[in-house]
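This briefing goes through the model displayed below, topic by topic. Please keep the sequence and the coordinates in view while reading.

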Amino acid sequence: MIYDLRLLTLNAMIKMKVGDWLILFLSLLLVPLSWSMTQSDSGAVAAIEVTVGNQPPVVYSIKGRQQITVTGELGNSVIEIRDGKVRIISSPGKRQLCVLSGWHQQSGDNIVCLPNKVGVSLISNREQFDGINF
Amino acid sequence: MKKNINITEEDRKIAAFAALAIVIHVLESSFPSPFPGIKPGLANIITLLVLFRYGWRFAAWVSLLRVTAGSLLLGTFMSPTFFLSLSGALASLLAMLLLWSSIRPWVGMAGISILASISHVMAQLLVAWWLFIPHRGILALTPILIATGIFFGLFNAIIASSIEKRLTDTV
């Protein structure tokens with residue numbers, strides 16, 4: 001049995017008029033176009049918010065390198081910022097959870113040194129959401 | 001009080017085609033999808049067929065009846081799913097109407113189906129964004145949805161046109 005490969009072309013399967021080809025190609029162009037428009041770095045961290053106790057949060061830039069020392073309930077917590085990443089170097093809490101959690105770089109993340117009442121939130125310019133369920 | 005409702009031949013045809021579309025709609029909803037939100041939309045084969053045989057008004061009836069009755073059968077009536085479905089159906093009907101009334105002689109099922117399919121996913125995406133998940137992240141799905149929209153739009157058009165060839169004029 002001889003198979004005719006021409007049957008596999010689009011024209012053999014459906015009658016394609018000029019407008020059909022035009023719509024097909026224009027809509028195929030939409031794919032890379034919409035890709036470049038929507039696949040931006042929406043998760044990029046713009047800044048961090050440091051909250052100590054009941055004080056209003058203080059915003060720091062995430063760029064470059066710096067160490068911030070804040071004084072909380074029990075003593076000093078040292079926050080290190082390095083090229084878009086944040087970690088806690090030292091904090092007086094007993095279990096050292098915030099120090100052990102290491103580097104954070106995802107917007108929406110939070111580092112909390114609970115005993116010392118120090119919180120660091122990584123914020124971006126975009127609105128955030130955690131999850132949704134119906 | 002007795003009221004007579006005149007059921008025309010056209011009404012019967014609309015009901016019959018809508019019934020076909022509803023069956024496909026319900027069957028398709030039980031197919032597993034590898035990706036939430038992506039499905040072939042096979043019920044639109046019926047809408048396409050009806051559009052080409054009986055015109056736009058007829059297609060609008062079949063499509064909207066399918067969305068409403070389909071959601072009643074699936075238990076999603078008035079739920080987010082229903083509004084997503086409805087917005088998609090309205091958008092693709094609008095796209096069909098625009099093409100049908102403007103460049104009708106130059107387009108066939110393929111073009112209309114592809115454009116209707118893209119309008120469908122884009123309307124759903126915007127409604128999902130405005131009503132349910134107001135986060136830009138959801139717009140990142142756009143290229144994937146458009147690509148699958150083109151594929152299934154063309155796929156449905158091929159099936160619809162091959163059915164059209166086999167349909168007799170008595171239908």
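What percentage of the 134 residues in chain A is buried? Buried residues make up 31% of chain A. The model is a predicted one. Chain A contains three helices and seven strands, and the points below take its sheets in turn before moving to a helix pair in chain B.

**Layout of chain A**

- Chain A follows the pattern α-α-β-β-β-β-β-α-β-β when read along the sequence.
- Two domains are assigned in chain A: domain 1 covers 5-38 and domain 2 covers 47-123.
- The centres of domain 1 and domain 2 of chain A, taken over C-alpha atoms, are separated by 52 Å.
- Of the contacts in chain A with a separation of 6 or more, 33% are accounted for by residues 24 or more positions apart.

**The loop before β1 of chain A**

- A:A46 is located in the loop that lies between α2 (18-38) and β1 of chain A.
- A:A46 counts as partly exposed because its relative accessibility is 25%, and the buried class is limited to values under 20%.
- A:A46 and A:K63 are 17 residues apart along the chain, and 8.4 Å separate their C-alpha atoms.

**Four-stranded sheet of chain A**

- Four strands of chain A form an open sheet with antiparallel pairing, in the order β2-β1-β7-β6.
- The edges are taken by β2 (58-61) and β6 of chain A; each has a single partner strand, so one side of each has no neighbour in the sheet.
- From one strand to the next, the twist averages 20°.
- β1 (residues 47-52) of chain A pairs with β2(A) over four bridges in the antiparallel sense.
- A:V50 is placed opposite A:V58 of β2(A), and A:A47 has A:S61 of β2(A) as its bridge partner.
- The hairpin of β1(A) and β2(A) has five residues between the strands, and A:G53 takes a positive phi near 55° there.
- β6(A) and β7 (residues 118-123) of chain A run antiparallel and are joined by four bridges.
- A:C113 is placed opposite A:V118 of β7(A).
- Four residues lie between the strands in the hairpin of β6(A) and β7(A), where A:K117 has a positive phi near 55°.
- Side chains alternate along β6 (residues 110-113) of chain A: A:I111 and A:C113 are buried and point to one face, whereas A:N110 and A:V112 point to the other face and are not buried.
- A:C113 is thus named twice for β6(A), as a buried residue and as the residue opposite A:V118.

**Three-stranded sheet of chain A**

- A further open sheet of chain A has three strands in the order β3-β4-β5, with antiparallel pairing.
- β3 (65-71) and β5 (85-90) of chain A are the edge strands, and each pairs on one side only.
- Neighbouring strands of this sheet are turned against each other by 25° on average, direction ignored.
- β3(A) and β4 (residues 76-82) of chain A run antiparallel and are joined by seven bridges.
- Within this pairing, A:I68 is placed opposite A:I79 of β4(A).
- As a general point, strands of a sheet pair through backbone hydrogen bonds, in either a parallel or an antiparallel way.

**Helix α2 of chain B**

- α2 (residues 44-54) and α6 (residues 142-166) of chain B pack with their axes 9 Å apart, at an angle of about 50°.
- α2(B) and α6(B) are therefore oblique to each other.
- The crossing in which α2(B) passes α6(B) is right-handed.
- On the α2(B) side the contact is made by B:N44, B:I45, B:L48, B:L49, B:F52 and B:R53.
- On the α6(B) side the contact is made by B:N156, B:A157, B:I159, B:A160, B:I163 and B:E164.
- Which residues of α2(B) are buried? They are B:I45, B:I46, B:T47, B:L48, B:L49, B:V50 and B:L51.
- These buried residues of α2(B) pack against α1 (9-29), α3 (56-74), α4 (80-102), α5 (109-132) and α6 of chain B.
- B:G55 follows α2(B) and has a positive phi, near 100°.

Note on methods: Residues numbered from 1 in each chain as written. Chains lettered and ligands numbered in written order. Predicted model: local features only at pLDDT ≥ 70, side-chain atom pairs only at ≥ 80, totals over all residues. Heavy atoms only, no water. Domains from an automatic or database assignment. Buried < 20%, exposed > 50% of the residue type's maximum accessible area, 1.4 Å probe, protein only. Helix = DSSP H or I, 4+ residues; strand = E, 2+ residues; numbered from the N terminus. Pairing = 2+ DSSP bridges. Axes fitted to C-alpha atoms, helices over the stretch in contact; angles between N-to-C directions. Parallel < 35°, antiparallel > 145°, perpendicular 65-115°, else oblique. Left-handed = near helix turned anticlockwise from the far one by under 90°. Contact = heavy atoms within 4.5 Å.
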